[in-house]
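The following exercises practise the reading of a protein model. Each task is followed by a worked solution.

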Number of protein chains: 2
Amino acid sequence: MGTGEGAGTPQRNTRQRVAVLDMLDSLNQFTSAQDIHGRLRDNGSTVGLTTVYRTLQSLAEARQVDVIRTDDGEAMYRRCTTEHHHHLVCRRCGRTIEVDSPTVESWAEEVAKRHGFADINHTIEIYGVCPDCAS
Amino acid sequence: MGTGEGAGTPQRNTRQRVAVLDMLDSLNQFTSAQDIHGRLRDNGSTVGLTTVYRTLQSLAEARQVDVIRTDDGEAMYRRCTTEHHHHLVCRRCGRTIEVDSPTVESWAEEVAKRHGFADINHTIEIYGVCPDCAS
DNA sequence: TTTGGTGCAAAACCTTTGCATTAGG
DNA sequence: CCTAATGCAAAGGTTTTGCACCAAA
């Protein structure tokens, strides 16, 4: 640890960075870089696709957004709380609920330790169809 | 259901299909299509990259291989048992151990149901550094 | 001013598709 | 034979990189 996250990355408050962050906040669900780029364009605040990618990347490194991959390999980003958690994602509309459970956390650690694995880390995603989409 | 999987897909026993399956069996860890293609070439049993992709795809549909995505979006395939399970993967060497726990299974279902989600499905991957790589 | 940020165009990737050819059953 | 499977080349998609320009601090 102590790799210098936080102080190690001076961020300039550019119009583009703010726009991407605002968009992430207003969306509150997993969204692709391309989609964010398109929405920004529609909103009139044009940001280069390259910049969207670079911004999301730096946010991911700073742990300010979560990243998951769709089945076809597209990266999806979503603003999140900094603490550790997992997701319950609607397969239809993309609505996302953050979930967590101490039980599962300790299970993961226990399994890894039992097999002698170190430096553990895990991802859990639950997919389903949310009430709104089911009706 | 009755979407016709199983009887719906006549498979011919081609040299290429057998080669890919054998390679998957001998590897027993998550491997990319490109990697499999390269290894086959080294082994002298040349199989077109396209064919490797198509074979892996059909195997995935038939649930005979598991598929996960690396952080950079590459698909990784691995032969697996047909029953439901999850993975403990070594971040360094790719060694994989199948794990599962009724506790976690029911936790996932319970969480989803509590939020009214239907048609549930989940993925869990635990990453770490295995004993061999740690030393 | 100084240096990181931006954005275009082009490259790099993995993956899929079109189509003529081959070979399994 | 008949039709699925193969493989090349080309296209498709997302993501990255090179480089000149711009604008925060």
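**Exercise 1.** Among contacts in chain A between residues at least 6 apart in sequence, what percentage join residues at least 24 apart?

*Solution.* The model under study is predicted. Step one is to set aside pairs that are fewer than 6 positions apart in the sequence of chain A. Step two is to ask which of the remaining contacts link residues at least 24 apart, and the result is 47%.

**Exercise 2.** Determine how many helices and strands chain A has, and give their order.

*Solution.* Counting the elements of chain A gives five helices and six strands. Reading from the N terminus, their order is α-β-α-α-β-β-β-β-α-β-α. The C-alpha trace of chain A spans about 55 × 50 × 25 Å along its principal axes.

**Exercise 3.** State what share of chain A is buried, and describe its exposed area and its charges.

*Solution.* Chain A has 135 residues, of which 41% are buried. The area that chain A exposes is about 7,900 Å², with 46% supplied by carbon and sulfur atoms. For the charges, chain A has 15 positive and 19 negative side chains. The centres of these two sets lie 6 Å apart.

**Exercise 4.** Judge the confidence of the prediction for chain A.

*Solution.* First, take the average: the mean pLDDT of chain A is 88, and 93% of its residues reach 70 or more. Next, look at residues 1–8 of chain A, where the pLDDT is below 50. Beyond near neighbours in sequence, this stretch has zero contacts in the model. Predicted coordinates should not be read in detail where pLDDT is low.

**Exercise 5.** By what turn and shift can chain A be laid on chain B?

*Solution.* The operation is a turn of 179 degrees with a shift of 0.0 Å along the axis, and the RMSD is 0.2 Å. The two copies are therefore related as by a two-fold rotation axis. The same surface serves both copies, since 100% of the contact residues of chain A recur in chain B.

**Exercise 6.** Locate A:N28 and B:R63, and decide for each whether it is exposed or partly exposed.

*Solution.* Begin with A:N28, which is in the loop between α1 (15–27) and β1 (31–32) of chain A. Although A:N28 is not a glycine, its phi is positive, at about 60 degrees. A relative accessible area of 46% makes A:N28 partly exposed.

Continue with B:R63, in the loop between α3 (49–61) and β2 (65–69) of chain B. B:R63 is not a glycine either, yet has a positive phi of about 60 degrees. The cut-off for exposed is over 50%, and B:R63, at 62% relative accessibility, counts as exposed.

Methods
Residues are numbered from 1 along each chain as its sequence is written. Chains are lettered from A and ligands numbered from 1 in the order in which they are written. This is a predicted model: local features need pLDDT of at least 70, side-chain atom pairs count only at pLDDT 80 or more; totals for chains, interfaces and linings use all residues. Side-chain values use heavy atoms; hydrogens and water are left out. Copies are superposed by least squares on the C-alpha atoms of residues with pLDDT of at least 70 in both. Contact means heavy atoms within 4.5 Å. pLDDT is the predictor's confidence in each residue, from 0 to 100. Helices (H or I, at least four residues) and strands (E, at least two) are DSSP runs, numbered from the N terminus. Buried means under 20% relative accessible area, exposed over 50%, partly exposed in between (1.4 Å probe, protein chains only). Accessible areas come from the Shrake-Rupley method with a 1.4 Å probe; for residues, only the protein chains shown count as cover. Lys and Arg count as positive and Asp and Glu as negative; His and the chain ends are not counted. The place of a charge is taken as NZ of Lys, CZ of Arg, CG of Asp or CD of Glu.
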